[in-house]
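Here are my notes after a pass through this one, in the order I'd go through them with the viewer open. Shout if anything reads oddly.

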Amino acid sequence: MKRIITVLILIFCLSCQTTEKKEQDQLGVVHLEVSGNEKAREHFKKGLLLLHSFEYTDAREAFHKAISADPDMGMAYWGEAMTYNHSIWFEQDFEKAVESLEKMGSREHLKLDDPLEQDLVAGVKILYQPEKSKAQRDQEYAGYLKALYQKYPGNHEVASFYALSLLGTVSEGRDYEVYGEAARIAREVLNENPKHPGALHYLIHSYDDPDHAHLALNAADAYAKVAPDASHALHMPSHIYVAKGMWEQVVASNEESYQASLNRMERKSLSNDARGYHSYHWLQYGYLQQGRTDLAKEMTINLSDYVAATPSKRGRSHMVFLKGTYLVETNDWTDAIGNIPVEVADLNITIRAQYMFIEGLKASMEKDLEALLEIIQNMETDLSREAVLVDNLEKGYPGCTNLTRETANQTDLQFTQAMIFQLKAYKAILENDPELTERFLKEAVAIEERLSYSYGPPVIQKPTLEMYADWLLTQGRASEALKTYQKALQRTPNRTLTLEGALKAAEMADKPALVKQFKEQLSNNMKYPQKA
């Protein structure tokens, strides 16, 4: 009897180990041994996996559990501090990170037994040096991790965090040389561990633009399978799919990601603010490219309800995104969605500009010149005021330590200026001044072309090249319009509105081969699996 019980206990233990391994595999695979008791190490490993997938809140929860299990585990404090630096998103909670480091410093018997642990902790302290600008800290941190990368050749965690640190040094736009180096390092890791969530994630970020997306297609296809328990990992492949105009895959990726966020929200009894609003917007954009306007409209109305219940900055920002995307993509300016009010005063200037841009387009469609002029003037005043704040931030003035989504940068100012020029063009149209219209449209185009590719649904919600080409068509300049649409498609491959304009231009310019090509592309956009 005792023997039978022993066997059953052994089977049960093996089953637990298999289940634990399976759970870990749902977030990817990492190999990093750290000092601490066994229970703390389990929580730390989960936190590390979540950290690589930018699931910062859940990662922090895991690191807190590690600290509870072993208050002297130095690397758990390192992990907690790391969750407050969101380099790709240009966010950093400096004060809370410093609190984490101070808690670590207060431990008399801190466990940092391995030199690598000590080096990693020294590195995170660089991210939160006082009296230095965020840009300076990011550069120094990347330089430090480069030294660690050389000191610990073959260490996947050092290499992955070095790749991420390189991406973090590019505060605006896309530096293809830096991004290429980050991709090279990520590939090194993937060659030895194809299930490393960080390497997959950072490779995708390195290549999420139309010119390079094909280089990360395999990583995009793999990441969601490697880490399906991370909502962000389910969303990230769509960065590559949008850059390639693969709308069926964009939709599938974000349907899964958004559902994962709902599952987490229910599991943890969280508010609407835990919804995956980011993937929700990308999903809406994907539906609109497929011509599924009813679903996109339903999503926008539902979001209005969510935001009314939980009017957070995050929710209100996404209300602006979905409202503008729906109206621009459908061109239905009489829809009630256009009348949904959003409080934007405390949001990033680009989001404020998007909201006012949509209001300006509505005024233009209604031929309300006075309202349009007032909107333009308000946007210009807002831009001037924000430019002073951005200048102060770049000079590293006191009070500029923490960075949030509301913190503006030069790119935000340029996005806003481009939208102002677009509205000025519409004002010139109402005033029957084609010369001035074209001048302002070219000004807007010039700004957007100076800006690096902005992944995902367009930040300038009516892309400037598309807007210019639309106007050229109204002037009977079909050949010029066709070339402009083709140029626009290089930045936004397979975008439905651009293809529809290109088709009209090709028909007017008598280009039968292009007419056939654009019709096929539009037809493919509208194909999607029919649900039972």
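1. Let's start at Asp-209. This is a predicted model, and in it Asp-209 sits in the loop that runs between helix H10 (197-206) and helix H11 (217-226).

2. Is Asp-209 buried or exposed? The cut-off for buried is under 20% relative accessible area, and Asp-209 comes in at 1% relative accessibility, so it counts as buried.

3. What does the side chain of Asp-209 pair with? There is a polar contact to the side chain of His-212, at 2.9 Å. Leaving out residues up to four places away in sequence, Asp-209 also touches Arg-174, Tyr-176, Ala-243 and Tyr-453.

4. Next, helix H6, residues 115-127. With 13 residues at 1.5 Å a residue it should span 18 Å, and the end C-alpha atoms are 19 Å apart, so the two figures agree.

5. The N-terminal end of H6 has a cap: Asp-114 places a side-chain oxygen 2.8 Å from the backbone nitrogen of Leu-116. Leu-116 itself is one of the buried residues of H6.

6. The rest of the buried set in H6 is Glu-117, Asp-119, Leu-120, Val-121, Gly-123, Val-124, Ile-126 and Leu-127. As a reminder for reading that pattern, an α-helix has 3.6 residues a turn, so residues three or four places apart point the same way.

7. What covers the buried residues of H6? The cover includes helices H4 (74-82), H5 (94-105), H7 (134-151) and H8 (156-168). Strands S1 (85-86) and S2 (91-92) are also part of that cover.

8. Zooming out, the chain has 25 helices and 2 strands. Its radius of gyration is 25 Å, close to the 24 Å from the globule rule for 532 residues, so the chain is as compact as a globular protein of that length. The C-alpha trace spans about 90 × 55 × 45 Å along its principal axes.

9. On packing, buried residues make up 56% of the 532 in the chain. Of the contacts with a separation of 6 or more, 65% are between residues 24 or more positions apart. The chain exposes about 24100 Å², with carbon and sulfur atoms supplying 52% of it.

10. One item from the records: an unreviewed UniProt entry annotates residues 40-73 as "repeat: TPR". In the model, that span is 79% helix and 0% strand, and its end C-alpha atoms lie 8 Å apart.

Note on methods. Residues numbered from 1 in each chain as written. Predicted model: local features only at pLDDT ≥ 70, side-chain atom pairs only at ≥ 80, totals over all residues. Heavy atoms only, no water. Helix = DSSP H or I, 4+ residues; strand = E, 2+ residues; numbered from the N terminus. Buried < 20%, exposed > 50% of the residue type's maximum accessible area, 1.4 Å probe, protein only. Polar contact = N/O pair within 3.5 Å; in protein donor to acceptor, adjacent residues only side chain to side chain. Contact = heavy atoms within 4.5 Å. Expected span 1.5 Å × (residues − 1). Rg over C-alpha atoms; globule rule 2.2 N^0.38 Å. Areas by Shrake-Rupley, 256 points an atom, 1.4 Å probe, with all protein chains shown as cover. UniProt positions renumbered as here; feature names shortened; annotations may be inferred.
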